[in-house]
Amino acid sequence: MTDYDALHARIRSLTHGETDEVALMATLACEIHHADDRFDWTGFYRVTAPELLKIGPYQGGHGCLVIPFSRGVCGAAARTGQVQLVPDVDAFPGHIACASSTRSEIVLPVRGRSGRLIGVLDIDSDQPDAFTEGDATRLAAILEEVFKDV
Ligand code: SME
């Protein structure tokens with residue numbers, strides 16, 4: 001179980017007053033990744049061109065460099081603007097397998113000032129069905145607070 005109260009408080013104090021996108025993403029990737037054993041890959045994909053995501057700061061093994069909006073779970077989150085909770089990656093059409101050990105994942109849109117889509121936060125787990133609506137709610141709250149002025 002993630003201690004989200006402690007995680008959120010730690011992130012708030014570390015990122016206070018910071019608005020640099022990469023500095024924020026790097027800090028969140030590190031803090032979130034080490035907050036729970038369920039998290040085997042934690043990182044950001046950034047919108048760098050229309051309909052295109054490129055790898056941002058992450059923790060874990062190698063991640064794909066480029067993901068079009070039309071592909072994978074990250075692409076679906078960017079395209080729809082909705083959180084993607086995937087209990088079984090093998091059942092998700094078009095899932096991009098960067099690590100064959102990944103069984104489930106959660107991807108959240110990351111929005112900045114005026115709702116601008118900055119990218120997505122992708123967390124992958126080697127455990128099946130690792131993520132809950134509770135994770136989605138707590139992670140979304142952290143993202144909203146951290147990136148609201150970016
Ligand atoms: N979960 C992703 C891709 C995996 S990563 O490159 C770490 C997807 O299908 O969008």
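Mentor: On a 1 Å grid over the protein atoms alone, a cavity is a set of points where a 1.4 Å probe fits but cannot get out, whereas a pocket is an open set with protein on both sides within 12 Å along at least five of seven lines, and lining residues have an atom within 4 Å of a point. The model is predicted, so local features need pLDDT of at least 70 and side-chain atom pairs 80 or more, while totals for chains, interfaces and linings use all residues. Residues are numbered from 1 along each chain as its sequence is written, and side-chain values use heavy atoms, without hydrogens or water.

Trainee: How many cavities of 30 Å³ or more does the search find, and what space lies in the largest cavity?

Mentor: The search of the whole structure finds 1 such cavity, and about 150 Å³ of space lies in the largest cavity; a volume here is the space filled by probe spheres set on grid points joined across faces, edges and corners.

Trainee: What makes the ligand a tenant of the largest cavity?

Mentor: A molecule sits in a cavity or pocket if more than half of its atoms lie within 2 Å of its grid points, and the space taken by the ligand is indeed the largest cavity. Of the 18 residues that line this cavity, Ile-96, Cys-98, Glu-105, Asp-122 and Asp-124 lie nearest its centre.

Trainee: Which residues are the closest to the ligand?

Mentor: The ligand is surrounded by 13 residues, the closest being Tyr-45, Val-73, Cys-74, Cys-98 and Glu-105, where a residue counts as near if one of its heavy atoms lies within 4 Å. The shell draws at least two residues from each of β1 (41-49), α3 (72-80) and β6 (117-125), and α3 gives the most, with 3 residues; helices (H or I, at least four residues) and strands (E, at least two) are DSSP runs, numbered from the N terminus.

Trainee: Why is the pair formed by Glu-105 and the ligand called a polar contact?

Mentor: A polar contact is a pair of N or O atoms within 3.5 Å, and a polar side-chain atom of Glu-105 lies 2.6 Å from a nitrogen atom of the ligand, so the pair qualifies. From the backbone, a polar atom of Val-73 is 2.9 Å from an oxygen atom of the ligand, and an N or O atom of Cys-74 lies 2.7 Å from a ligand oxygen. Taken alone the ligand exposes 320 Å², of which the protein buries 98%, with areas from the Shrake-Rupley method and a 1.4 Å probe.

Trainee: What makes up the lining of the largest pocket, by class?

Mentor: That lining has 3 nonpolar, 4 polar and 5 charged residues, where Asp, Glu, Lys and Arg count as charged, Ala, Val, Leu, Ile, Met, Phe, Trp, Tyr, Cys and Pro as nonpolar, and the others, Gly among them, as polar. The largest pocket has a volume of about 200 Å³, and its lining residues include Arg-12, His-16, Glu-145 and Asp-149, with α1 (4-15) and α4 (133-147) each supplying at least two of the lining residues.

Notes. Polar contact = N/O pair within 3.5 Å; in protein donor to acceptor, adjacent residues only side chain to side chain.
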